[in-house]
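User: I would like to go through the ring pairs and burial in this model, with each label set against its cut-offs.

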Amino acid sequence: MPLIEEYALTPDVFDVSSYSSAEVCLLHLEKIKEVLLLEGVVRNLRNGLWASQFCHSSRNWHLRGMEILKKLVQQNRLRVSPPVLPVCPEDDTQWCAEAVQSHYRLNLHGIITTSSVGNVFKSEDVVSTIDKLGAAPWWSQRGPSARLRKSLRDYRAHTELILQHANSIMFIDPYLDPSLNRYRDFTELLALAAGRTPRPLFEIHRVCYESSGRSRVIINKCEWERRFQQHLEPALKRYSLSAEVFIWDDFHDRYVISDLIGISVPYGFDTCKCNVMTTWTRLSRDDRDDVQREFDPASHAHNPRGNFVIN
């Protein structure tokens, strides 16, 4: 199961009137808050019309719900999707129907609603009421780590949402070299971000040397630039993407760091045909930010050996 997933919520989830009291509403909102803000993206149905529902003062929106929505916007966690139903929803039940049909078009991890609406959609496994989330397999089976094969297929499954929605993405792998056969699939991984407007900001971070121990050889910046231009630039042009490559003196750990999520990737982004397994782990928000600062040239955590842009 990917470490970041996309959800849909019906407006009544944020409405105090949908619960027995404001206190009960707060308890349920707190239950979903960290999930949405650390490991989730919310589908902004009907080209963003879903989010505009909360501008109406005619409903008793809970203050904590409005705080969550504000953070979803600030953290780039609202993902606009096109209309599906022929008629614009006029109530919460119709918004749930819109979410279900949107799920049929492009899979959602889950749809969260309240009891009054959920009773209409009992046959839809993707729908759960907020008071019974613990009984929904797609909610209870979430976890902080994921087992996957070192294959392009599995890498795509676990990075698709990041590549299609994140504004900035850092690939941190000390041995990432597009001229090597074991990294041949890396350019195909980037294809998931093809044609995005605006283009995501890609960064690639690697060390200045090859091999290790007595076999270690320092490679100069010009040679790294030649390799990346020859083996990565054609794909980036094909996908209308660009990337900035940073060469460092030394580091070991591997990560995917984005504005949506940080993931520890112990064996980097190379692939192999055999069924070798690896474990990816979601970082806390603080750890993600700390890794991002570590690889900021202004931090001086590592000694830079050059950088260049490929587009």
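User: What makes Phe14, Trp50, Phe54 and Trp61 a cluster?

Analyst: Ring pairs link Phe14, Trp50, Phe54 and Trp61, where rings of Phe, Tyr and Trp (its six-membered ring) pair if their centres lie within 6.5 Å, with planes under 30 degrees apart counted as stacked, over 60 as edge-to-face and the rest as tilted. This is a predicted model, in which local features need pLDDT of at least 70 and side-chain atom pairs count only at pLDDT 80 or more, while totals for chains, interfaces and linings use all residues. Residues are numbered from 1 along each chain as its sequence is written, and side-chain values use heavy atoms, with hydrogens and water left out.

User: Why is the pair of phenylalanine 171 and phenylalanine 186 called edge-to-face or stacked?

Analyst: The structure holds 16 aromatic pairs. In one of them, tyrosine 155 and tryptophan 280 lie 5.4 Å centre to centre with 25° between the planes, which is stacked. For phenylalanine 171 and phenylalanine 186, the centres are 5.1 Å apart and the planes stand at 90°, so this pair is edge-to-face.

User: Why does isoleucine 111 count as buried or exposed?

Analyst: The relative accessibility of isoleucine 111 is 0%, so the residue counts as buried, a term for under 20% relative accessible area, against over 50% for exposed and partly exposed in between (1.4 Å probe, protein chains only). Phenylalanine 171 and phenylalanine 186 are both buried as well.
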